[in-house]
There are 2 protein chains.
Amino acid sequence: MSQIINFRQLAELYRSELLDRVIPFWINKSQDTEFGGYFTCLDRDGSVYDTDKFIWLQGREVWMFSKLYNTVEPRQEWLDAAIQGAEFLRKYGHDGNLNWYFALDREGHPLVEPYNIFSYTFATIAFGQLSIALRKAPLSSPEGDTSVLSSVLKTIEAPSGAVGGAASLSDLYASIAKRTFDIVLSKTDNPKGRWSKASPGARAMKTFDLPMILCNVALEIEPILTSEAPSGAVGGATTFNIQGFIDDCLHEVMDVFYRPELGLIVEALGKDGNLVDCFDGRKLNPGHAIEAMWFVMDLGKRLGRPELIQKAVGICLQEVEYGWDKEFGGIFYFMDRLGKPRHELEWDQKLWWVHLETLISLIKGYQLTGDERCLTWFQRVHDYTWSHFRDPDYPEWYGYLNRQGEVLLPLKGGKWKGCFHVPRGLLNVWKILEAIQNS
Amino acid sequence: MSQIINFRQLAELYRSELLDRVIPFWINKSQDTEFGGYFTCLDRDGSVYDTDKFIWLQGREVWMFSKLYNTVEPRQEWLDAAIQGAEFLRKYGHDGNLNWYFALDREGHPLVEPYNIFSYTFATIAFGQLSIALRKAPLSSPEGDTSVLSSVLKTIEAPSGAVGGAASLSDLYASIAKRTFDIVLSKTDNPKGRWSKASPGARAMKTFDLPMILCNVALEIEPILTSEAPSGAVGGATTFNIQGFIDDCLHEVMDVFYRPELGLIVEALGKDGNLVDCFDGRKLNPGHAIEAMWFVMDLGKRLGRPELIQKAVGICLQEVEYGWDKEFGGIFYFMDRLGKPRHELEWDQKLWWVHLETLISLIKGYQLTGDERCLTWFQRVHDYTWSHFRDPDYPEWYGYLNRQGEVLLPLKGGKWKGCFHVPRGLLNVWKILEAIQNS
């Protein structure tokens with residue numbers, strides 16, 4: 001099987017799609033040059049159809065540009081795009097105490113309260129990744145420099161005692177990341193806080209999304225937490241036990257939400273860790289489970305635990321098998337572990353992020369274990385994804401297909417789809433294919 | 001057109017479907033004889049697939065059985081089914097102060113807080129309609145009577161000074177209806193209360209669903225409010241200006257949410273009554289608009305205002321034309337008034353309630369105005385509805401079809417579909433067809 005895949009050619013396909021089509025789309029179409037931040041409600045051709053700004057997607061786009069700067073090459077254009085989004089977030093995205101709203105209007109006025117913990121987690125990885133980028137950026141702005149970085153440096157006040165220039169901006173952003181991460185930690189037992197609609201004393205549930213995302217946040221925040229704080233200005237979680245935190249996240253994902261008796265990960269459990277037979281407790285989200293597995297593989301690499309990687313690859317393959325639509329192809333959005341009807345009316349739709357995350361998990365699984373089943377599935381999911389989600393006529397990809405694989409919504413971005421899963425997927429798969437080719 | 005419709009035969013079709021198939025399904029399959037109340041999560045054949053109890057649907061089923069008792073014939077079976085559901089609601093459905101939860105577990109423990117005003121409106125019409133039924137019921141229970149009514153009468157304490165027997169239970173339920181209605185009125189400016197996620201000072205919106213439902217509640221509560229209170233026990237809204245209330249509801253629906261420049265009703269507006277270009281402000285829900293039009297026609301009859309009826313019929317026809325899927329038939333669930341992409345992934349699906357409400361509005365519009373366009377559309381929607389939603393093999397109808405008209409979920413009941421729109425639609429259309437035939 002592996003013999004017939006030309007890894008070099010495939011890597012180039014992903015690279016070119018990312019750098020020649022997808023990233024230019026977001027650079028050119030999403031930046032709000034008037035009020036700052038990003039438009040994400042972009043129609044098929046990139047025209048803006050709504051100007052509200054959703055904090056999840058603002059943070060994710062900052063992260064994406066920063067990640068490109070850090071892993072592809074230090075293009076000023078990417079750094080500038082990240083900084084302009086970060087400044088909008090820093091000024092308007094929170095209530096002054098780093099409680100991150102869910103949505104703002106175009107100008108930055110809050111629309112929706114900070115009810116959603118993932119607004120915080122994506123702010124954490126955004127400011128963390130950007131602070132790393134800024135450590136590599138030029139330390140001072142030469143006269144006549146017209147970059148966003150240069151103009152921001154002229155306006156911000158350096159934290160007291162910090163060195164000046166980009167390094168001080170890096171420290172400021174690192175501090176925002178750390179302090180936001182602290183708030184995330186304080187909310188893990190009751191993520192919805194006062195916006196929870198659960199009756200006190202009701203059947204208490206916990207959901208998979210939080211430990212799953214925290215597996216990713218852990219690796220993002222680690223270099224920020226462990227870097228030398230240049231001054232007291234960067235306070236917060238410096239004494240934090242990151243190793244214990246990673247162990248806790250892994251335990252929740254791999255020992256609690258993964259159910260060996262099902263061979264699957266469930267979306268919600270009783271607080272006591274038991275399966276519950278109710279709508280929430282029967283819900284499966286194969287895309288979530290599969291995405292989590294590449295976070296776990298990354299943690300397995302970080303910790304030097306090959307058995308953890310093997311287990312994650314095994315679960316990933318089980319989830320792809322289970323979630324694959326044998327009739328029309330593609331992976332279902334929601335399923336029921338007892339085969340009962342769901343109330344999510346979109347249950348049978350095919351979503352872009354599910355398929356891009358699956359591509360990452362499968363190719364990473366192949367890279368780390370050599371399991372040929374990963375490659376077989378990768379090729380099948382690759383074929384489905386590229387032939388159904390990619391728009392041959394305009395850049396960026398469709399997000400929402402019906403069960404049959406037809407385009408349900410023509411949009412390239414919206415309230416939930418931004419500059420994240422498509423470029424992150426393309427970047428990861430490109431880099432892994434390149435590494436396989438070179439190994 | 002009207003010549004080729006055999007109204008008598010069609011009336012019989014609706015009557016028989018209602019009384020021979022749909023109502024027996026709910027009587028036999030939904031009643032929880034162990035803990036009281038109703039199961040509504042019923043699979044294709046009526047088997048229970050989830051035991052949680054949703055207050056919207058508990059209230060609506062009480063209403064439905066009471067309405068049948070009041071308008072078809074006084075069958076003890078229907079009265080008993082209504083009373084057993086009402087007793088479950090009375091004991092467990094609220095917090096002791098008639099704040100109605102959203103969901104309970106099977107035994108009646110609260111699961112979801114009273115965040116949703118429609119839990120209150122459906123409790124209002126449930127207890128109101130049942131209190132009317134009980135006025136007609138036998139005043140005392142003879143020895144050896146094993147009905148639910150009889151056993152409930154033995155347990156409840158008659159309100160002080162009230163007459164005994166069914167009349168006292170009627171008073172008790174009327175009091176619950178009135179006091180709940182008072183709470184609804186107190187919440188109309190801020191229906192979500194502390195569960196609202198809107199930031200203070202954010203773009204303030206109001207939604208169509210509330211004035212729409214209140215148009216229906218108005219006619220349901222009027223006979224309760226205007227009946228002679230037999231004692232001080234039935235307190236509350238006795239001095240309430242129902243005429244002013246109806247005028248206010250009609251104004252909101254017909255002058256504020258109906259936009260002549262669009263020829264359509266919008267789902268949300270700025271608090272100031274202006275159109276807003278954001279996701280909420282662009283949303284159209286043709287089923288809501290069409291359903292509201294038969295509420296308005298009923299109010300037009302009640303007020304003796306034929307011009308109001310004419311206007312409602314005109315809007316109904318515009319909405320049906322606009323909402324009809326020219327490619328696959330059926331009426332879309334959600335649309336965007338500017339044709340922009342929606343974020344509701346179920347936007348193009350065909351839902352049972354939309355089509356049943358449309359049948360009511362069209363046949364009522366024909367009955368009241370003789371407009372032949374109503375009859376033409378009625379026949380088209382009738383053909384689509386009966387051929388797509390009705391299950392020939394098991395009683396009750398499917399609720400959710402994809403755009404192409406294929407069954408999306410096999411369920412007959414769930415979290416949002418209960419004993420309400422199918423039987424209410426069949427009952428209304430049957431009775432109207434009968435009246436047309438006899439006129």
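How do the residues of the lining of the second largest cavity divide into nonpolar, polar and charged? I will start there and work outward. Before I answer, one caution: this is a predicted model.

The answer is five nonpolar, one polar and three charged. The residues in question are B:Arg60, B:Phe122, B:Ile125, B:Ile213, B:Asn216, B:Glu291, B:Phe295, B:Phe420 and B:Arg424. They surround about 40 Å³ of space. In chain B, helix H4 (117-136), helix H7 (209-226) and helix H10 (286-303) each supply at least two residues of that lining.

Now look at chain A, at A:Asn216. This residue is found in helix H7 of chain A. Is A:Asn216 buried or exposed? A:Asn216 has 12% relative accessibility, so it counts as buried, the cut-off for that being under 20%. Setting aside residues up to four places away in sequence, A:Asn216 touches A:Ile125, A:Phe295 and A:Arg424.

Back to the cavities. The structure holds two of 30 Å³ or more, and the largest has a volume of about 110 Å³. Which residues line the largest cavity? From chain A there are A:Asp348, A:Gln349, A:Asn402, A:Arg403, A:Gln404 and A:Leu408. From chain B there are B:Asp348, B:Gln349, B:Asn402, B:Arg403, B:Gln404 and B:Leu408. By class, this lining has two nonpolar, six polar and four charged residues.

Next, a pocket. The second largest pocket holds about 500 Å³ of space. It is lined by 21 residues, and the closest to its centre are A:Lys67, A:Trp294, A:Asp298, A:Lys364 and A:Asn428. Six helices of chain A give two or more residues each: H2 (55-71), H4 (117-136), H7 (209-226), H10 (286-303), H12 (352-369) and H14 (421-438). H14(A) gives the most, with six residues. The lining has nine nonpolar, five polar and seven charged residues.

H12 of chain A deserves a second look, by way of A:Thr358, which is found in that helix. A:Thr358 has a relative accessible area of 0% and is buried. Leaving aside neighbours within four places in sequence, A:Thr358 is in contact with A:Ile290, A:Val320, A:Ile331 and A:Val381. Another pair to locate on the model is A:Thr358 and A:Thr385: they are 27 residues apart along the chain, and their C-alpha atoms are separated by 10.0 Å.

On to the packing. In soluble globular proteins, nonpolar side chains tend to be buried together. In this model the largest nonpolar core has 316 residues, and those that touch the most other members are A:Phe65, A:Met293, B:Phe65 and B:Met293. Take B:Phe65. Not counting residues up to four places away in sequence, B:Phe65 touches B:Ile23, B:Trp26, B:Ile27, B:Tyr38, B:Trp78, B:Ala81, B:Ala82 and B:Cys419.

Among those, B:Trp78, B:Ala81 and B:Ala82 are also buried residues of H3(B). Helix H3 of chain B runs over residues 76-92, and its 17 residues reach 24 Å from first C-alpha to last, close to the 24 Å expected at 1.5 Å a residue. Why is H3(B) described as largely enclosed by the rest of the structure? The reason is that 12 of its 17 residues are buried. The buried residues of H3(B) also include B:Leu79, B:Asp80, B:Ile83 and B:Gln84.

Helix H6 of chain B, residues 166-187, can be read the same way. Its 22 residues should span 32 Å at 1.5 Å a residue, and its end C-alpha atoms are 32 Å apart, which agrees. Of those 22 residues, 18 are buried, so H6(B) is largely enclosed by the rest of the structure.

Last, two backbone angles. Most residues other than glycine have a negative phi. Following H3 in chain B, the loop between H3 and strand E4 (103-104) holds B:Leu98. Phi of B:Leu98 is positive, near 60°, and the residue is buried, with a relative accessible area of 5%. In chain A, the residue to find is A:Glu396, in the loop between helix H13 (372-388) and strand E13 (400-401). A:Glu396 is not a glycine, yet its phi is positive, about 60°. A:Glu396 counts as buried, at 0% relative accessibility.

That is the tour.

Key: Residues numbered from 1 in each chain as written. Chains lettered and ligands numbered in written order. Predicted model: local features only at pLDDT ≥ 70, side-chain atom pairs only at ≥ 80, totals over all residues. Heavy atoms only, no water. Core = buried A, V, L, I, M, F, W, Y, C linked by side-chain atoms within 4.5 Å. Buried < 20%, exposed > 50% of the residue type's maximum accessible area, 1.4 Å probe, protein only. Contact = heavy atoms within 4.5 Å. Helix = DSSP H or I, 4+ residues; strand = E, 2+ residues; numbered from the N terminus. Expected span 1.5 Å × (residues − 1). 1 Å grid on protein atoms, 1.4 Å probe; cavity = no way out; pocket = protein on both sides within 12 Å on 5 of 7 lines; lining within 4 Å. Points joined across faces, edges and corners; volume = space filled by probe spheres on them. Nonpolar A, V, L, I, M, F, W, Y, C, P; charged D, E, K, R; others polar.
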